[in-house]
Amino acid sequence: MPDSPSGPHAPYMTVLDALAAEIKAGKIKPGEKIPSEADLVQRFGVARMTARRAVGVLRERGLVRTEWGKGTFVVATRPTSDDERKGD
């Protein structure tokens, strides 16, 4: 069963988990550019769409922002969840 938590997960999750871990560990700092899709393809041996999907999920989670034509950059993270309630 492909969705089994104990089994291997989708290839984009490997890329996603690695990048998220590097961001959280401070290896890629806020304002710094993450590797390009081409770099991720080479590093992880995945298809370009797989790398793109992983970056898209990072963007959805608010960890990165993409500036078209410039690249994708880590955004400043907030240590508390209080900021998530903005607008309440």
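**Exercise 1.** Which residues does Leu58 touch, not counting residues up to four places away in sequence?

*Solution.* The structure is a predicted model, in which local features need pLDDT of at least 70 and side-chain atom pairs count only at pLDDT 80 or more, while totals for chains, interfaces and linings use all residues. Residues are numbered from 1 along each chain as its sequence is written, and side-chain values use heavy atoms, with hydrogens and water left out. With contact taken as heavy atoms within 4.5 Å, Leu58 touches Leu16, Leu19, Ala20, Leu63 and Val64, once residues up to four places away in sequence are set aside.

**Exercise 2.** Determine how many residues the largest nonpolar core has, and which helix supplies its largest share.

*Solution.* A nonpolar core is a set of buried Ala, Val, Leu, Ile, Met, Phe, Trp, Tyr and Cys residues joined through side-chain atoms within 4.5 Å, where buried means under 20% relative accessible area, with a 1.4 Å probe and protein chains only. The largest such core has 18 residues, and Leu19, Ile34 and Leu58 have the most contacts inside it. Helices H1 (11-24) and H3 each supply at least two residues of this core, helices being DSSP runs of H or I with at least four residues, numbered from the N terminus. The largest share, six residues, comes from H1.

**Exercise 3.** Is Thr50 buried or exposed?

*Solution.* Thr50 lies in helix H3. Because its relative accessible area is 18%, Thr50 is buried. Leaving out residues up to four places away in sequence, Thr50 touches Pro11 and Tyr12.

Conventions
Buried means under 20% relative accessible area, exposed over 50%, partly exposed in between (1.4 Å probe, protein chains only).
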